[in-house]
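Visitor: I should like to learn how a sheet and the internal spaces of a protein model are read. Might we work through one case together?

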Amino acid sequence: MTSPFELSQKSRSLKPSATVAVTSRALELKRQGVDVISMSVGEPDFDTPPHIKQAAIEAIESGETKYTAVNGIPELREAISAKFSRENGLDYAPDAVTVTSGGKQAIFNAFFALLNPGDEVLIPAPYWVSYPEMVGLTGAVPVEVPTTPQSGFMLDVELLASKITPRTRMIVLNSPGNPTGAVFTPDILRGVAELAQQHGLMIVTDEIYEHLVYDAEQVSIGQFAPEHTLTINGASKAYAMTGWRIGYAGGPRHVIAAMNALQSQSTSNASSISQYAALAALVQHEETHRFIDMARSAYRQRRDVIVRGLNDLGLPTPTPHGAFYVMANTDRIHENELEAARIILDEAKVAVVPGTDFSAPHQVRLSYATSLENIQEVLRRLGQLLA
Ligand SMILES: Cc1ncc(COP(=O)(O)O)c(C=O)c1O
């Protein structure tokens with residue numbers, strides 16, 4: 001059926017994803033029964049820990065199935081406030097905290113609460129694809145700050161400073177980062193905080209991968225410039241809770257209040273049941289940290305195997321210090337990363353994400369949130385392809 005109705009300018013402004021073609025081809029191959037190994041997922045392969053699930057079951061059985069306050073149940077905001085203090089050295093009172101449907105909604109609300117059309121937003125590249133798209137939806141302009149595989153994708157603070165104009169309003173940070181796995185050093189973060197203070201900029205820091213750090217120090221930039229920082233986090237990656245949709249933010253009260261107002265006119269509260277599950281994850285934090293320690297040591301082992309394997313195959317891959325992604329240079333397969341991803345899928349039956357959408361030319365992203373057996377099989381298949 002054809003319809004005469006045109007889509008809105010905003011929805012037409014969303015960039016079509018270059019990755020979609022590869023993803024649909026992978027699904028098509030799987031449907032045909034081809035044994036495709038997916039290295040493209042962005043979620044832990046572990047199940048949600050039992051004490052968290054149990055809290056959700058109890059919430060359902062005791063009738064916690066109604067609307068809650070838009071910004072989340074008070075117990076959860078108190079637990080998040082305590083977590084920020086205990087784990088991040090951040091002082092956010094419970095009314096300076098809000099609970100959202102995933103970290104993604106917290107970022108979306110933050111951008112809409114803070115940005116005006118024409119404002120410029122500095123985003124280190126390669127970046128998580130949603131940042132520039134969400135910035136664009138507000139009418140603001142994303143400005144890339146490139147980083148290189150040679151430096152392990154470390155942010156160059158001088159380069160960042162050189163991109164500041166009178167229109168610059170915000171800096172978006174994501175450390176540990178998707179897709180690079182880079183963990184910015186405390187010195188870099190101090191440098192960024194000073195720039196934000198000098199130029200009156202807001203830092204939106206997405207710390208959703210904070211617990212997945214291997215041999216680096218993870219520091220929250222909010223410690224250095226609290227009035228200039230909005231800290232985003234969530235349950236998805238640390239507690240293996242992607243499907244539960246719980247994110248949160250802490251920051252200056254007026255910004256949090258504006259985010260709450262936006263949420264009250266769009267989605268209202270995050271799922272009540274998921275909020276009780278996240279509450280258990282935070283309150284029973286010793287048990288949760290036993291899970292995180294187990295997951296972290298599995299990821300580290302997988303990272304070491306995949307980085308060594310890819311480099312041995314002649315696909316240069318820097319060692320990431322956090323998250324669960326690696327970026328491999330695929331020039332040996334094809335100089336265009338989209339074409340390389342297609343060849344890897346069609347011939348090696350491995351699904352990877354081309355760097356095209358992340359502003360990472362010549363590279364593909366592989367997620368190692370999968371079993372060691374899968375990783376070893378992927379390396380074997382790539383070895384055959386390259387032979
Ligand atoms: C960097 C980054 N931020 C935020 C998110 C959003 O996570 P969620 O909305 O599940 O909390 C993701 C998910 O892939 C991510 O990679």
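**Reading the sheet and the cavities**

Guide: The model shown here is predicted. In it, 7 strands form an open sheet with mixed pairing, in the order β2-β8-β7-β6-β5-β3-β4.

Visitor: Which strands stand at the edges of this sheet?

Guide: The edge strands are β2 (97-100) and β4 (141-146). Each has a single partner strand, so one side of each is left without a neighbour in the sheet. From one strand to the next, the twist averages 20°.

Visitor: In what sense do β3 and β4 pair, parallel or antiparallel?

Guide: The pairing of β3 with β4 is parallel and extends over 6 bridges. Within this part of the sheet, P124 stands opposite V145 in β4.

Visitor: Which strands does helix α6 touch?

Guide: Helix α6, residues 130-138, packs on the sheet and touches β3, β4, β5 and β6 (202-206). The direction of α6 makes about 170° with that of β3.

Visitor: Let us turn to the internal spaces. What shows where empty space is left?

Guide: The general idea is to roll a probe the size of a water molecule over the atoms, which shows where empty space is left. In the present case, the structure holds 5 cavities of 30 Å³ or more. The largest cavity contains about 130 Å³ of space.

Visitor: Which residues lie nearest the centre of the largest cavity?

Guide: They are P124, P126, Y127, N174 and F184, from a lining of 17 residues. P124 is thus the residue already met opposite V145 in β4. Two elements, β3 (120-125) and β5 (168-173), give two or more residues to this lining. The greatest contribution comes from β3, with 3 residues.

Visitor: How many residues of that lining are nonpolar, polar or charged?

Guide: The lining of the largest cavity has 12 nonpolar and 5 polar residues, and no charged ones.

Visitor: What is the volume of the second largest cavity, and which residues lie nearest its centre?

Guide: The volume of the second largest cavity is about 80 Å³. Its lining has 13 residues, with G152, F153, T180, T319 and P320 nearest the centre. By class, 8 residues of this lining are nonpolar, 5 are polar and none is charged.

Visitor: Where does the second largest cavity lie with respect to domain 1 and domain 2?

Guide: Here one asks which domains supply the lining. Domain 1 (17-42 + 288-386) and domain 2 (64-283) both give residues to the lining of the second largest cavity, so this cavity lies between them.

How values were computed
Residues numbered from 1 in each chain as written. Predicted model: local features only at pLDDT ≥ 70, side-chain atom pairs only at ≥ 80, totals over all residues. Heavy atoms only, no water. 1 Å grid on protein atoms, 1.4 Å probe; cavity = no way out; pocket = protein on both sides within 12 Å on 5 of 7 lines; lining within 4 Å. Points joined across faces, edges and corners; volume = space filled by probe spheres on them. Helix = DSSP H or I, 4+ residues; strand = E, 2+ residues; numbered from the N terminus. Nonpolar A, V, L, I, M, F, W, Y, C, P; charged D, E, K, R; others polar. Domains from an automatic or database assignment. Pairing = 2+ DSSP bridges. Axes fitted to C-alpha atoms, helices over the stretch in contact; angles between N-to-C directions. Contact = heavy atoms within 4.5 Å.
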